[in-house]
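Reader: Could you take me on a close look at the annotated binding site, and then show me what the surroundings are built from? I'd enjoy a connected account rather than a list.

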Amino acid sequence: MISAEGLRAAPKVLLHDHLDGGLRPGTVVELAGEVGHALPRTDADELGVWFVESADSGSLERYLETFDHTVGVMQTAEAIKRVASECVQDLAADGVLYAEVRYAPEQHLNRGLSLEQVVDAVRDGFEHGMAVAERPIVARQLLTAMRHKARSMEIAELAVGYRDGGVVGFDIAGAEAGFPPTRHLDAFEYLQRENAHFTIHAGEAFGLPSIWQAIQWCGADRLGHGVRIIDDITYDGEQAELGRLAAYVRDRRIPLEMCPSSNLQTGAAASIAEHPIGLLTKLRFRVTVNTDNRLMSGTSMSRELALLADAFGYGLDDFRWFAINAMKSAFIPFDERLKLIDEVIKPWYASH
Ligand SMILES: O=c1[nH]cnc2c1ncn2[C@@H]1O[C@H](CO)[C@@H](O)[C@H]1O
Ligand SMILES: [Zn+2]
């Protein structure tokens with residue numbers, strides 16, 4: 001069994017982490033004090049517990065309500081920059097060597113920032129974080145549009161505008177039921193014409209139709225969560241039979257950004273041991289392991305891997321496979337991905 005220290009040391013790759021879901025509780029308390037935002041708890045430790053307990057709701061909609069208190073304190077360039085820098089430092093300290101971190105710029109305009117100023121603030125924060133982090137890390141932005149709102153085209157254009165400025169892709173997030181991906185088809189078609197990359201939260205709180213639309217209508221490069229792809233697989237404990245959609249996802253090596261702890265909280269899975277990641281890994285889908293919202297789940301990359309190790313007996317070989325899967329699926333250019341695989345990931349695992 002690998003130790004907690006060993007897990008932290010192992011190079012990890014993170015593709016699905018929300019900037020507004022990963023604040024340090026102490027930072028939320030301090031920033032709230034500065035802007036007069038009312039919090040449900042004012043002690044940092046108690047607030048941390050409050051986030052986890054409130055997010056532990058069994059429903060994605062109620063889980064998302066907790067973001068009022070993080071987005072609420074991320075409304076100035078200074079605050080956003082601080083949060084972005086701390087995010088990168090925390091990920092690096094946990095042994096993450098490459099991270100794509102997402103957030104919705106449209107949610108940070110309450111105090112007069114423009115969309116561009118929000119992206120610039122995150123970029124400044126990431127650059128600061130990368131410069132001071134205790135271990136080398138590469139951090140890039142994904143811009144999210146909220147699926148119940150109507151700004152996806154504008155956010156997609158913003159992502160393309162910043163493609164040489166630290167933004168490597170686009171995403172849609174928020175409540176899934178009632179807001180299918182095709183609602184934003186114009187944005188996805190635009191991104192395809194621009195040769196840009198995007199992932200879509202799909203198959204988390206809604207099933208196969210959402211995944212099917214995300215891939216076959218919208219052309220998603222990756223799936224955020226995608227856990228419900230399991231509904232297209234029959235498994236009797238020995239033999240697995242894949243439906244057409246599951247077979248397509250596996251054949252095309254479409255990356256699944258799986259977030260085990262988050263899925264338990266929103267009710268997308270009953271326990272880690274019963275989480276579809278076990279079977280999907282066994283069937284060699286392109287599985288990646290992610291944190292989703294470190295604050296709301298009280299988690300980290302190391303902790304997610306530790307939970308999987310407990311439930312499925314995974315060890316370093318599996319962690320290496322997850323890291324390489326994720327690095328192959330990243331939205332940075334191929335040569336940069338290869339370099340991190342050949343120069344960081346493979347050498348480390350070969351010597352441990
Ligand atoms: O697991 C999730 N599913 C869907 N939406 C989410 C999830 N986690 C966070 N957000 C939403 O994404 C926004 C931008 O980061 C967050 O404000 C939250 O509303
Ligand atoms: Zn997410």
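Author: Happily! Let's begin with His 18, which has 26 C-beta neighbours inside 10 Å and therefore counts as buried, the cut-off being 20 or more. Please keep in mind that this is a predicted model. His 18 belongs to strand S1, residues 12–18. Leaving aside neighbours within four places in sequence, His 18 is in contact with Arg 102, Tyr 103, Asp 292 and Asn 293.

Why look at this residue at all? The "binding site" annotation in UniProt, from an unreviewed entry, covers His 18 together with Asp 20 and Gly 174. These residues are spread over 157 residues of sequence, yet they cluster in space, with a largest C-alpha distance of 12.6 Å.

Asp 20 sits in the loop between S1 and H2. With 25 other C-beta atoms within 10 Å, Asp 20 is buried too. Not counting residues up to four places away in sequence, Asp 20 touches Phe 67, Thr 70, Val 71, Met 74 and Tyr 103. Tyr 103 is thus a contact of His 18 and also of Asp 20.

Now to the helices. H2 (25–35) is one of the helices against which the buried residues of H3 pack; the others are H4 (60–65), H12 (260–266) and H14 (294–297). Those buried residues in H3 include Leu 47, Phe 51 and Ala 55. They cover an arc of only 55° around the axis, which puts them on the same side of H3. This fits the general rule that an α-helix has 3.6 residues a turn, so residues three or four places apart point the same way. The length of H3 agrees as well: at 1.5 Å a residue, its 12 residues (44–55) should span 16 Å, and the end C-alpha atoms are 17 Å apart.

Finally, the sheet. Four strands form an open, parallel sheet in the order S5-S6-S9-S10. S5 (199–202) and S10 (287–289) stand at the edges with a single partner strand each, so one side of each has no neighbour in the sheet. On average, neighbouring strands are turned by 30° against each other, direction ignored. Three bridges join S9 (residues 256–258) to S10 in parallel, and Met 258 stands opposite Val 289 in S10. Helix H10 (residues 208–217) packs on the sheet, touching S5 and S6 (222–225), and its direction makes about 170° with that of S5. Helix H16 (residues 316–329) also packs on the sheet, where it touches S6 and S10, at about 100° to the direction of S10.

Methods: Residues are numbered from 1 along each chain as its sequence is written. Chains are lettered from A and ligands numbered from 1 in the order in which they are written. This is a predicted model: local features need pLDDT of at least 70, side-chain atom pairs count only at pLDDT 80 or more; totals for chains, interfaces and linings use all residues. Helices (H or I, at least four residues) and strands (E, at least two) are DSSP runs, numbered from the N terminus. The expected span of a helix is 1.5 Å times one less than its number of residues. A residue is buried if 20 or more other C-beta atoms lie within 10 Å of its own, exposed if 12 or fewer, and partly exposed in between; C-beta atoms are placed from the backbone. The arc is that of the directions from the helix axis to the C-beta atoms. Two residues are in contact if their C-beta atoms, placed from the backbone, lie within 7 Å. Two strands pair if DSSP finds at least two bridges between them. Axes are lines fitted to C-alpha atoms, for helices over the stretch in contact, and angles run from 0 to 180 degrees between N-to-C directions. UniProt positions are given in the numbering used here, feature names are shortened, and annotations may be inferred rather than shown by experiment.
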